[in-house]
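Q: Could you walk me through how to read a few features of a structure like this one? I would like the general idea each time, then the case at hand.

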Amino acid sequence: MDLKQLNTIDREILLAINRLHTPFWDNMMWFASGTLTWLPFYILLATLLIFKFKRNSVPMLILIGILILCSDQIASGLIKPLVQRLRPSHDPDLLSQLHFVNNYRGGLYGFVSSHAANVFALAFYLSFVASKKIPWLPYVLFPWALFVSLSRVYLGVHYLSDVIVPVIFTMPLAYIIARLYFFWIKPLAPDSIQL
């Protein structure tokens with residue numbers, strides 16, 4: 001299968017998902033993609049981590065900030081300007097076929113999705129560092145990351161490949177940051193679980 005065929009499949013999947021639009025799904029997907037939508041979720045998550053990990057939550061939360069900064073910069077600062085693949089919402093061949101919610105089109109380039117990179121980086125990282133004490137956490141984080149990522153396709157601002165590729169590159173990134181976390185807390189908790 002060549003690149004042209006992959007692009008054709010990407011477009012067909014995008015259009016199939018985007019055509020599922022209803023007022024209910026428009027509102028749900030707009031909510032999922034919102035910048036401040038998940039702030040209460042993040043506050044609740046941070047509170048849970050502080051409660052469960054006590055003093056070890058400090059390096060955990062600091063490293064979350066570093067992780068998100070890295071994943072966002074890889075996606076938006078490196079890959080997007082390097083690849084320069086137009087978002088579907090900026091592709092003249094697709095404009096008339098897409099349904100846009102609140103006339104939202106996003107920036108010019110879409111490969112790869114920063115939203116997907118950030119949410120999957122967080123899901124992988126916390127699965128690596130927190131799932132021993134909070135075993136149900138991955139079952140919340142990965143569906144949430146998938147929901148946020150698919151909302152980007154539904155809204156017509158990303159192809160499916162734009163949200164799949166970040167899943168691949170954020171896993172090793174999250175693993176490296178998780179190793180840093182365990183290295184950081186080792187003097188504080190010598191018996192802590194290592195990756």
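A: Gladly. Let us begin with helix bends: the bend at a residue is the angle between axes fitted to the seven residues ending there and the seven starting there. Keep in mind that this is a predicted model.

Q: Where in α7 does a kink lie, and about how many degrees is it?

A: The kink in α7 is at Thr170 and comes to about 30°, with the proline Pro172 following shortly after. Helix α7 covers residues 160-185, 26 residues in total, and its first and last C-alpha atoms are 38 Å apart. That is close to the expected 38 Å at 1.5 Å a residue.

Q: How should I think about the nonpolar core?

A: In soluble globular proteins, nonpolar side chains tend to be buried together. Here the largest nonpolar core has 33 residues, and the members that touch the most others are Leu49, Tyr125, Leu126, Val129, Trp144 and Tyr181. Two or more residues each come from α3, α4 (57-83), α5 (114-130), α6 (137-154) and α7. The largest share belongs to α5, with ten residues.

Q: Which nonpolar residues form a patch on the surface instead?

A: Look at Leu36, Leu39, Tyr42 and Ile43, which together have about 410 Å² of accessible area. One of them, Leu39, sits in helix α3 (residues 39-53). Leu39 has a relative accessible area of 43%, so it counts as partly exposed.

Q: Now the charged pairs: how many salt bridges does a search of the whole structure find?

A: The search finds three. The idea is to look for a side-chain nitrogen of Lys or Arg within 4 Å of a carboxyl oxygen of Asp or Glu. Asp10 and Arg85 make one such pair, with their closest N and O atoms 3.0 Å apart. Asp10 is in helix α1 (residues 3-18) and Arg85 in the loop between α4 and α5, a separation of 75 residues. Arg85 also meets Asp162 at 3.1 Å, N to O. That pair joins the loop between α4 and α5 to helix α7, 77 residues apart. Asp10, Arg85 and Asp162 are thus linked in a network of salt bridges.

Q: Are the members of that network buried or exposed?

A: Buried: Asp10 has 6% relative accessibility, Arg85 has 18% and Asp162 has 0%.

Q: What about the bridge between Asp91 and Arg11?

A: The closest N and O atoms of Asp91 and Arg11 are 2.5 Å apart. Asp91 is in the loop between α4 and α5 and Arg11 in helix α1, so the bridge ties together parts 80 residues apart in sequence. Asp91 is buried at 9% relative accessible area, whereas Arg11 is partly exposed at 28%.

Definitions and conventions:
Residues numbered from 1 in each chain as written. Predicted model: local features only at pLDDT ≥ 70, side-chain atom pairs only at ≥ 80, totals over all residues. Heavy atoms only, no water. Patch = residues over 30% accessible without salt bridge, like charges linked within 9 Å, V, L, I, M, F, W, Y side chains within 5 Å. Areas by Shrake-Rupley, 256 points an atom, 1.4 Å probe, with all protein chains shown as cover. Helix = DSSP H or I, 4+ residues; strand = E, 2+ residues; numbered from the N terminus. Buried < 20%, exposed > 50% of the residue type's maximum accessible area, 1.4 Å probe, protein only. Expected span 1.5 Å × (residues − 1). Core = buried A, V, L, I, M, F, W, Y, C linked by side-chain atoms within 4.5 Å.
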